[in-house]
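Visitor: I am new to this structure. Please take one strand and go through it closely, together with whatever lies around that strand.

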Amino acid sequence: MAIKKITIIIAALMFLSGISSTLYAEFLSLSVGVPVQHTFDDAKNSNGTKIESDGVSGLLIHASIPLFPGLGYESYETGIKDDDAKLVTEMYDIFYLFPIPVINFTAGVGMGKAKVDCDTCADYFKSEFGNTSQYYLQLGVPILPLFDIHLSYHAVTTKIKGKNSSSDDVDFSGNLMALGVQFTF
């Protein structure tokens, strides 16, 4: 008798918290996205000139199963305007897809490494790689029962150490916007 009561209580709690609909609706979610815009907040080169983005390309891949945080991988290159250099970023994410009925809302964080790739970079930077981290929010709209289109906003913090002193450090922090699709199995 006590086992029946416990089972009913657990089922009711799962239903009320929305977990039961998530368990029923999906077993595995796979998301693929592409960055569409990357802007730098206050990045300046050694001359004091503001560094601007000249386009971004890459891939963002995320996967999740119900009740557990999802895992993701991001790799993208951002061109630097008026220069042959590019910022190469690689990041690993952990996220949670909230069980909201009408939209797919995701929040996550990520950490990784970034480097400026150019012919003369060794002359300006102490290390080949700098640390990068982010938090991101994603909003998806279901188009078909097992398919959605989403837009994500990433607040990225990236610093690469200068060769001579901390005043030579370059702060490539900024924002990344991405578009993607999610398939639910």
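Guide: Two strands count as a pair if DSSP finds at least two bridges between them. The model is a predicted one, and the part chosen here is strand β4, residues 86–98.

First, the setting. The protein has two helices and nine strands. Both helices come before the strands when the elements are followed from the N terminus, in the order α-α-β-β-β-β-β-β-β-β-β. Of the 185 residues in the protein, 34% are buried. Among contacts with a separation of 6 or more, 59% are between residues 24 or more positions apart.

Now the strand. In a regular strand, side chains alternate between the two faces of the sheet. In β4, the side chains of L87, T89, M91, D93, F95 and L97 point to one face and are buried. Those of K86, V88, E90, Y92, I94, Y96 and F98 point to the other face and are not buried.

Strand β4 has β3 as one of its partners. β3 covers residues 70–80, runs antiparallel to β4 and is joined to β4 by ten bridges. One of the residues to look for is L71, whose bridge partner in β4 is I94. The two strands form a hairpin with five residues between them. In that turn, D82 has a positive phi of about 60°.

Another partner is β5, residues 104–117, which also runs antiparallel to β4. Here the number of bridges is 13. D93, on the buried face of β4, stands opposite G110 in β5. Again a hairpin makes the link, with five residues joining β4 to β5.

Next, the buried face. L87 is a member of the largest nonpolar core, which has 13 residues. L87 is among the members that touch the most others, along with F40, I51, V116, F125, I160 and F172. F172 shows how such contacts reach across the sequence: leaving aside neighbours within four places, F172 is in contact with F40, A43, I51, I80, L87, V116, T158 and I160. Apart from this core lies another one of five residues, and M91 of β4 belongs there. Y76, V156 and L176 are also among its members.

The other face begins with K86. K86 forms a salt bridge with E77, and the closest N and O atoms are 3.3 Å apart. K86 is partly exposed, with a relative accessible area of 27%, and E77 is partly exposed as well, at 32%.

The count of salt bridges comes to two. The other pair, K81 and E52, meets at 3.9 Å, N to O. K81 lies in the loop between β3 and β4 and E52 in the loop between β1 and β2, so this pair ties together parts that are 29 residues apart in sequence. K81 has a relative accessible area of 40% and is partly exposed; E52, at 38%, is partly exposed too.

Last, a feature elsewhere on the surface. V32, V34, V36, L59, I61, L151 and L179 form a nonpolar patch with about 530 Å² of accessible area together. Strands β1 (29–40) and β2 (53–64) each supply at least two of these residues, and β1 gives the most, with three. V34 sits in β1 and is partly exposed, with a relative accessible area of 39%. For the protein, the accessible surface comes to about 11,100 Å², and 65% of that belongs to carbon and sulfur atoms.

Conventions:
Residues are numbered from 1 along each chain as its sequence is written. This is a predicted model: local features need pLDDT of at least 70, side-chain atom pairs count only at pLDDT 80 or more; totals for chains, interfaces and linings use all residues. Side-chain values use heavy atoms; hydrogens and water are left out. Buried means under 20% relative accessible area, exposed over 50%, partly exposed in between (1.4 Å probe, protein chains only). Helices (H or I, at least four residues) and strands (E, at least two) are DSSP runs, numbered from the N terminus. A nonpolar core is a set of buried Ala, Val, Leu, Ile, Met, Phe, Trp, Tyr and Cys residues joined through side-chain atoms within 4.5 Å. Contact means heavy atoms within 4.5 Å. Patches are made of residues with over 30% relative accessible area and no salt bridge: like charges are joined within 9 Å, nonpolar side chains (Val, Leu, Ile, Met, Phe, Trp, Tyr) within 5 Å. Accessible areas come from the Shrake-Rupley method with a 1.4 Å probe; for residues, only the protein chains shown count as cover. A salt bridge is a side-chain nitrogen of Lys or Arg within 4 Å of a carboxyl oxygen of Asp or Glu.
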